[in-house]
Amino acid sequence: MDGNKRWVSGDLQHPDRDPDRREFVAQKQEPFGSVLACIDSRVPPELLFDTGLGDLYVMRTGGEAVGPVVIGSVEYGPMTSGTPLIVVLGHQRCGAIEAAYKSLRDDKPLPGNLESIAKALRPAYQQTVRQGGDDPVDTMARAQVTLTAADLRSNNDLAPLVEKGSLAVIGAYYSLDTGKVEVLSGAPY
């Protein structure tokens, strides 16, 4: 979050982004966090958290949609090298969430494999319909983050790490307007 504060203020440090760091991580990596974020080109986790080479495992899918391969990728850091943090990062004005919302609302399937994204986002859509609100796309984006983070927190392989305190799974939301990341769920106290 300190890196995000630097991003918001423009006081960037650009840590771990030089040839010395490249050489240092060439043989071994020990990222301090894993981020599951959207594919949106405006939401690059390494930049908005002001991190560098070897600092984060990053997985990106449309609307943070998950399936077995993505979940396995998220599990990789905590289960193989003890990475202590997973952040599920949604964002403002998410195109994937908007497309899925409209598809599910209108019962009009998306073309090709985009439909698999809409299907994966159905629980967030259903929660949004129950919850209501002025901006259903934003509500759905936030719901997707909190539902995915909760699912990861209770995942059979990750839950024991969470329970013993060696892993935190955070749900967060990025504002395109301000550059600020807001923690929605799972913040360790």
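**Entry 1. Helix α5**

I began with Glu 98 and Lys 102, which both lie in helix α5, four residues apart, about one turn of the helix. I note that the model is a predicted one. I recalled that an α-helix has 3.6 residues a turn, so residues three or four places apart point the same way. I then looked up the side chains of Glu 98 and Lys 102 and found that they meet in a salt bridge, at 3.1 Å from N to O. For exposure, I recorded Glu 98 as partly exposed, with a relative accessible area of 34%. Lys 102 is likewise entered as partly exposed, with a relative accessible area of 39%.

**Entry 2. Other salt bridges**

I next noted a network in which salt bridges with shared partners join Asp 16, Arg 21 and Asp 55. How many salt bridges does the count come to? I counted a pair when a side-chain nitrogen of Lys or Arg is within 4 Å of a carboxyl oxygen of Asp or Glu, and by this rule the count comes to 10.

I looked up Lys 28 and found a salt bridge with Glu 30, with 2.8 Å between the closest N and O atoms. I entered both Lys 28 and Glu 30 as exposed.

I then turned to Asp 177 and Arg 93, whose side chains form a salt bridge at 2.5 Å, N to O. Asp 177 lies in the loop between β4 and β5, and Arg 93 in the loop between β3 (85-91) and α5 (95-106), so I recorded that the pair ties together parts that are 84 residues apart in sequence. Asp 177 is exposed, with a relative accessible area of 54%. Arg 93 is partly exposed, at a relative accessible area of 48%.

**Entry 3. Helix α1**

Which residues of helix α1 (residues 2-9) are buried? I found Gly 3, Asn 4 and Arg 6. Looking down the axis of α1, I saw that its buried residues fall within an arc of 155 degrees, so they line one face of the helix. On the other side of α1, I recorded Asp 2, Lys 5 and Ser 9 as exposed. I also checked what the buried residues of α1 pack against, and found α3 (45-48) and β5 (181-185). After α1 comes Gly 10, for which I noted a positive phi, near 85 degrees.

**Entry 4. Largest pocket**

I looked up the largest pocket and entered a volume of about 240 Å³. Its lining has 15 residues, and those that lie nearest its centre are Met 1, Phe 32, Phe 49, Leu 85 and Val 87. I noted β3, β4 and β5 as the elements that give two or more residues to this lining. Which classes of residue make up the lining of the largest pocket? I recorded 13 nonpolar and two polar residues, with no charged ones.

**Entry 5. Gly 165**

Where does Gly 165 lie? I placed Gly 165 in the loop between α9 (159-163) and β4 (168-174). Is Gly 165 buried or exposed? I found Gly 165 exposed, with a relative accessible area of 62%. I also looked up Gly 165 together with Pro 84: the two are 81 residues apart in sequence, and their C-alpha atoms are 8.7 Å apart in space.

Technical notes. Residues are numbered from 1 along each chain as its sequence is written. This is a predicted model: local features need pLDDT of at least 70, side-chain atom pairs count only at pLDDT 80 or more; totals for chains, interfaces and linings use all residues. Side-chain values use heavy atoms; hydrogens and water are left out. Buried means under 20% relative accessible area, exposed over 50%, partly exposed in between (1.4 Å probe, protein chains only). The arc is that of the directions from the helix axis to the C-beta atoms. Contact means heavy atoms within 4.5 Å. On a 1 Å grid over the protein atoms alone, a cavity is a set of points where a 1.4 Å probe fits but cannot get out, and a pocket is an open set with protein on both sides within 12 Å along at least five of seven lines; lining residues have an atom within 4 Å of a point. Grid points are joined across faces, edges and corners, and a volume is the space filled by probe spheres set on the points. Ala, Val, Leu, Ile, Met, Phe, Trp, Tyr, Cys and Pro count as nonpolar, Asp, Glu, Lys and Arg as charged, and the others, Gly among them, as polar.
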